Amino acid sequence: MTTLTRADWEQRAQSLAIEGRAFIHGEYTGAASGETFECISPVDGRLLGRVASCDAADADRAVSDARAVFESGVWSRLAPVKRKETMIRFADLLDAHAEELALLETLDMGKPIGDSLNIDVPAASRAIRWSGEAIDKIYDEVAATPHNELGLVTREPVGVVAAIVPWNFPLLMACWKLGPALATGNSVVLKPSEKSPLTAIRIAQLAIEAGIPAGVLNVLPGYGHTVGKALALHMDVDTLVFTGSTRIAKQLMIYAGESNMKRVWLEAGGKSPNIVFADAPDLQAAAEAAAGAIAFNQGEVCTAGSRLLVERSIKDRFVPMVVEALKAWKPGNPLDPATNVGALVDTQQLNTVLGYIEAGHAEGAKLMAGGKRTLEETGGVYVEPTLFDGVSNAMRIAREEIFGPVLSVIAFDSVEEAVQIANDTPYGLAAAVWTSNLSKAHLAAKALRAGSVWVNQYDGGDMTAPFGGFKQSGNGRDKSLHAFDKYTELKATWIKL
Ligand code: NAD
């Protein structure tokens, strides 16, 4: 918690140091080409600074350095307890710099400062701390070997990990990868989104301060089609971990096949159903959660509850409750601690969202709330939380990931129909069910093809639970001990005694 006011944050924003260079072998450095691109704040359209536009040459340099450091063993062969202590120091430094990191995040991608400070940064430091704390408590296995043999089943770091992350939770998505990747002893080349690179660049220096050896964590800002592609095609990257869109996720699988068959772990998009049955224990709570599930982080959330499935018998009563609850989510200046809906990440994303709102009108859905750009006079990029009723699951606004605050209400008549509509999507990231009936909750949860299912809440979970998708929402899992699987190879060593 902080007592800083909007004026305090604005003043700090004026004097905030913006580092836009890449970070290779423990030092900030420009792109080899000398190219840069502009970093524009969606809060007010202001130029924050210029950022290194890395490409294949920088990828080569960072990967070969990461490889050399990995082979040296300075981190990869360090005792787990030592890696743990270092990672805890890293997490402590993230906490100590929470206000600076929160401000960078908010200026860079537009989310409310209260969220950056109270959600993103603490969750990011928790991911680093939790992974570090876990690493000296994990045991390898001895197989059920005959008397005169010994079979060891051990886990080893994969080597060089490339991590490509999106712009919606820039620091948090990076730390979901960095936690287990670093804890297990790998070297990492992190590529943040070109739309929000600043916190990733900043924390590389904090990793060095914590004692993570130079070259273990490198950060290459730049575009997907240049440095991202170069990392994905690189012959000396062992594992590629990605969070982003399904479209790019599919492309990365092709790149891996075209290069060295690097392991590819994908956390991709979603179109998550939030199912409200007539016997929900508390319809008011369900309505408020439904509003939050689409308005939080401007709807730029992979698990956004973007399809609200409502049992027809309560729909006429329930939809006005959601419309009312949405009024509490009001776009405002993200540097104001009272703001709970900030700016969209950029004008490209705004146009995408407005395009889907047009599509909703064109396909005959009924606009019940929002629907327009707002606060244009600020120079920033804001849109009203929007609700369409009368949506069919065949409409584009129900099928495609909008990645903005646009909610589609779809009616259903039975449990079977709710589950059928919920699963009728290429995605499978998350789902929620609201009911007082325990059996119905369990049966629906089992039938839903999604990596996370919430009952009588939306978006629960912490570092102890795996997070990821079924179907075209991805493979593998972030968070929990399951995430460690992505960053390690299993080895069987069979010894004749
Ligand atoms: P995106 O796929 O456009 O970009 C993600 C990253 O990939 C960026 O760093 C981008 O530069 C890079 N990239 C783009 N083209 C590339 C290429 N050809 N080769 C290599 N890298 C390339 O996604 P986005 O718009 O940044 O993020 C939004 C998406 O992320 C949404 O679909 C959202 O659902 C998803 N997301 C998923 C999760 C999850 O855990 N499942 C979490 C957050 C966001």
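1. A good place to start is Ala268: one of its backbone N or O atoms lies 2.8 Å from a nitrogen atom of the ligand. Val165 also uses a backbone N or O atom, 2.8 Å from a ligand oxygen atom, while Ser245 brings a side-chain N or O atom to 2.6 Å from an oxygen atom of the ligand.

2. Please keep in mind that this is a predicted model, with local features needing pLDDT of at least 70, side-chain atom pairs counting only at pLDDT 80 or more, and totals for chains, interfaces and linings using all residues. Residues are numbered from 1 along each chain as its sequence is written, and side-chain values use heavy atoms, leaving out hydrogens and water.

3. Around the ligand there are 28 residues (a heavy atom within 4 Å). Val165, Glu194, Ser245, Ala268 and Glu401 come nearest. The shell comprises 15 nonpolar, eight polar (Gly counted here) and five charged (Asp, Glu, Lys and Arg) residues.

4. Helix H8 (224-233), strand S10 (239-243) and helix H9 (246-258) each give two or more residues to this shell; helices are DSSP runs of H or I with at least four residues, strands runs of E with at least two.

5. A UniProt annotation from an unreviewed entry, "domain: Aldehyde dehydrogenase", covers residues 32-492; such annotations may be inferred rather than shown by experiment. Over that range the chain is 40% helix and 19% strand, with its end C-alpha atoms 42 Å apart.

Conventions
A polar contact is a pair of N or O atoms within 3.5 Å; within protein, one must be able to donate a hydrogen and the other to accept it, and residues adjacent in sequence count only if both atoms are side-chain atoms.
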